[in-house]
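Here are my notes on the model you sent over, as numbered points. Have the structure open while you read.

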Amino acid sequence: MAGEDCIELKFRLADGTDIGPSKYDQSMTVSSLKEKIISQWPKDKENTPKSVNDVKLINAGKILENNRTLAESRLPVGELPGMIITMHVVLRPPTLDKKSEKLQNDPPMKNRCACTIL
């Protein structure tokens, strides 16, 4: 990796902890970057991603697409040469299998409306 073709990134998790900073080649796809994040995921976290589809990367308010490279996904607004770019990592909430994990003891949901007028 040539130094000029690399960007330095760190990843902020929902609880405020960080992964990185590390240097990444700009030709790397977002999908392979997500794989690296999953491999570096802190072991003490309750929720851990299982695949790249469980992870969303956000840079400057924009969700990055898996098939694009880092160079294509960069938003130069607010970036200065030599600075570390912080991307936010959001996990997809775990999905429940409706047949096997649905609680049988839950009462049926009733549509209710509650209004308070002060």
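**Notes on the fold**

1. Let's begin with one rung of the ladder: glutamate 8 has lysine 23 of E2 as its bridge partner. Keep in mind throughout that this is a predicted model. The pairing of E1 with E2 is antiparallel and takes in six bridges. Five residues sit between the strands of this hairpin, and glycine 16 has a positive phi there, near 95°.

2. Now the whole sheet. Five strands make up an open sheet with mixed pairing, and the order across it is E2-E1-E5-E3-E4. E2 and E4 are the edge strands; each has a single partner, so one side of each has no neighbour in the sheet. As general background, strands of a sheet pair through backbone hydrogen bonds, either parallel or antiparallel.

3. On its E5 side, E1 runs parallel to its partner, and four bridges join the two. Phenylalanine 11 is worth finding here, with methionine 87 as its bridge partner in E5.

4. Phenylalanine 11 turns up again when you look at the rings. How many aromatic pairs does the structure hold? There is one. Phenylalanine 11 and tyrosine 24 meet edge-to-face, at 5.9 Å centre to centre and with 65° between the planes. The first ring belongs to strand E1 and the second to strand E2, so the pair ties together parts that lie 13 residues apart in sequence. Both phenylalanine 11 and tyrosine 24 are buried.

5. Next, helix H1, which covers residues 30–39. The helix lies across E1, E2 and E3, and runs at about 110° to E3. Its buried residues are Val30, Ser31, Leu33, Lys34 and Ile37. Looking down the axis of H1, you find these buried residues within an arc of 155°, so they line one face of the helix. Their cover includes strands E1 (6–12), E2 (18–25) and E3 (55–59), along with helix H2 (70–73).

6. Which residues have the most contacts inside the largest nonpolar core? They are Leu9, Phe11, Leu33 and Leu57, in a core of 18 residues. At least two residues of this core come from each of E1, E2, H1, E3 and strand E5 (85–91). In soluble globular proteins, nonpolar side chains tend to be buried together. For a closer look, pick leucine 9: leaving aside neighbours within four places in sequence, its contacts are Pro21, Ser22, Tyr24, Leu33, Leu70, Ile84, Ile85 and Met87.

7. One of those contacts of leucine 9, Pro21, deserves a check of its backbone. The peptide bond between glycine 20 and proline 21 is cis, with omega at about 10°. Proline 21 is part of strand E2.

8. Another backbone spot to inspect is alanine 60, in the loop between E3 and strand E4 (62–63). Its phi is near 55°, a positive value in a residue other than glycine. Is alanine 60 buried or exposed? Alanine 60 counts as exposed, because its relative accessibility is 59% and the cut-off is over 50%.

9. Last, threonine 69, which sits in the loop between E4 and H2. Threonine 69 has a relative accessible area of 19%, and buried means under 20%, so this residue counts as buried. Not counting residues up to four places away in sequence, threonine 69 touches Gln26, Ser27, Met28, Thr29 and Val30. Val30 is also one of the buried residues of H1.

How values were computed. Residues are numbered from 1 along each chain as its sequence is written. This is a predicted model: local features need pLDDT of at least 70, side-chain atom pairs count only at pLDDT 80 or more; totals for chains, interfaces and linings use all residues. Side-chain values use heavy atoms; hydrogens and water are left out. Buried means under 20% relative accessible area, exposed over 50%, partly exposed in between (1.4 Å probe, protein chains only). The arc is that of the directions from the helix axis to the C-beta atoms. Contact means heavy atoms within 4.5 Å. Rings of Phe, Tyr and Trp (its six-membered ring) pair if their centres lie within 6.5 Å; planes under 30 degrees apart count as stacked, over 60 as edge-to-face and the rest as tilted. A nonpolar core is a set of buried Ala, Val, Leu, Ile, Met, Phe, Trp, Tyr and Cys residues joined through side-chain atoms within 4.5 Å. Two strands pair if DSSP finds at least two bridges between them. Axes are lines fitted to C-alpha atoms, for helices over the stretch in contact, and angles run from 0 to 180 degrees between N-to-C directions.
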